[in-house]
Amino acid sequence: LIKERENLIDILKNNNIEVIQFSFPKELENKKYGHDFVFIRDAFISDLNKNILLLKFSQKNRDAESKIISNYLEKSGFNIKELPNRKNVYAEGGEFYYCPKEKILFSGVKRNSITGAEEVASFLNVNELIFIKTNAFHLDTVFTTIMDHRGKLCAVIVCKDLISKKSFESLNKFSSLNNIEIINIPPIDSIGIKNNIGTLAVNNFSAPGLLISSCEFSEPSIAKYLNRKNIKIETSPVSQFQLSGGSIHCLTNEL
């Protein structure tokens, strides 16, 4: 576990990405919470301009994560805002992909409420909010964005089999209007189906001209497409973290 974590951090740094590390909160080790580690993605979302929106978990036993992480971020000089404290307003970071250049927000609706996603869209001041329905745990287990070196959205990778027909139709319409490539992957590159557990290759860190995944995609044409677009592909196994259902995207969060 330590080796995998340090390897991921090294890859990020070697790609000129500054890494901020927070100490594990001792408060989460007690019997009330019993956390063994934290998926940093879920607790907040940033507008990439020093402003942070704390999110609210649909699973209430995780609420403490947001409060504790808020303290770290505030001490690091970030401006903190919170979702409105209203019934049925909740959102989790693993349900979002934000494209700052186009100001587009993709949102899952499994562990986001519609109103929660709309509040996040308002905070980020996006031009378009695109909902994608899946029965998977979070959107980031079936979907990811691909950005070119300018930070422009050029493609999305999605497991068509694991999102609703209506969602794929909406995604297809969006891609046609905006000249965005849709790359369909089999369930094995996602969460899998039934007893056939997937690799979570799709759950990755996506930055301009860079994709960091836990393993290669099973379909070679994906790597060929990324190479044609001059997008660097890095792999960083995180098998010990995947035992709790998360991968690279869950373990990172852009600031």
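## Close-up views of a predicted model

**View 1. Strand β2 sits beside β3 in a small set of strands.** Strand β2 (residues 51-54) runs parallel to β3, and four bridges join the two. One bridge to look for links Ile52 with its partner Ile80 in β3. Zoom out and you get an open sheet of three strands, in the order β1-β2-β3 with mixed pairing. At the edges are β1 (44-46) and β3 (79-82), each pairing on one side only. Neighbouring strands in this sheet are turned by 25° against each other on average, direction ignored. For the terms: strands pair if DSSP finds at least two bridges between them. Strands (E, at least two residues) and helices (H or I, at least four) are DSSP runs, numbered from the N terminus. Angles run from 0 to 180 degrees between N-to-C directions, with axes being lines fitted to C-alpha atoms, for helices over the stretch in contact.

This is a predicted model, where local features need pLDDT of at least 70 and side-chain atom pairs count only at pLDDT 80 or more, while totals for chains, interfaces and linings use all residues. Residues are numbered from 1 along each chain as its sequence is written, and side-chain values use heavy atoms, with hydrogens and water left out.

**View 2. Glu254 meets Arg41 in a salt bridge.** Their side chains come to 2.8 Å, N to O. A salt bridge here is a side-chain nitrogen of Lys or Arg within 4 Å of a carboxyl oxygen of Asp or Glu. Glu254 lies in the segment after α7 (248-251) and Arg41 in the loop between α1 (2-14) and β1, so this pair ties together parts 213 residues apart in sequence. Arg41 is buried, at 6% relative accessible area, whereas Glu254 is partly exposed at 25%. Buried means under 20% relative accessible area, exposed means over 50%, and partly exposed is in between (1.4 Å probe, protein chains only).

**View 3. Two other salt bridges, out of four in the structure.** Arg150 and Asp148 join their side chains at 2.8 Å, N to O. Arg150 is exposed, with a relative accessible area of 61%, but Asp148 is buried at 12%. The side chains of Lys232 and Glu234 meet at 3.3 Å, N to O. Here Lys232 is partly exposed at 41%, and Glu234 is buried at 18%.

**View 4. Helix α4 has its buried residues on one face.** This helix covers residues 165-178, and its 14 residues should span 20 Å at 1.5 Å a residue; the end C-alpha atoms are indeed 20 Å apart. That expected span is 1.5 Å times one less than the number of residues. Ser167, Phe168, Leu171, Phe174 and Ser175 are the buried ones. Looking down the axis of α4, they fall within an arc of 120°, so they line one face; the arc is that of the directions from the helix axis to the C-beta atoms. On the other side, Lys165, Lys166, Lys173, Ser176 and Leu177 are exposed.

**View 5. Cys154 and Cys159 are cysteines without a disulfide.** A disulfide is a pair of cysteine sulfur atoms within 2.5 Å, and the count comes to zero. For Cys154, the closest cysteine sulfur is in Cys99, 10 Å away and too far for a bond. Cys159 has its nearest cysteine sulfur in Cys215, 14 Å away. Cys154 is buried at 11% relative accessible area, and Cys159 is buried at 0%.
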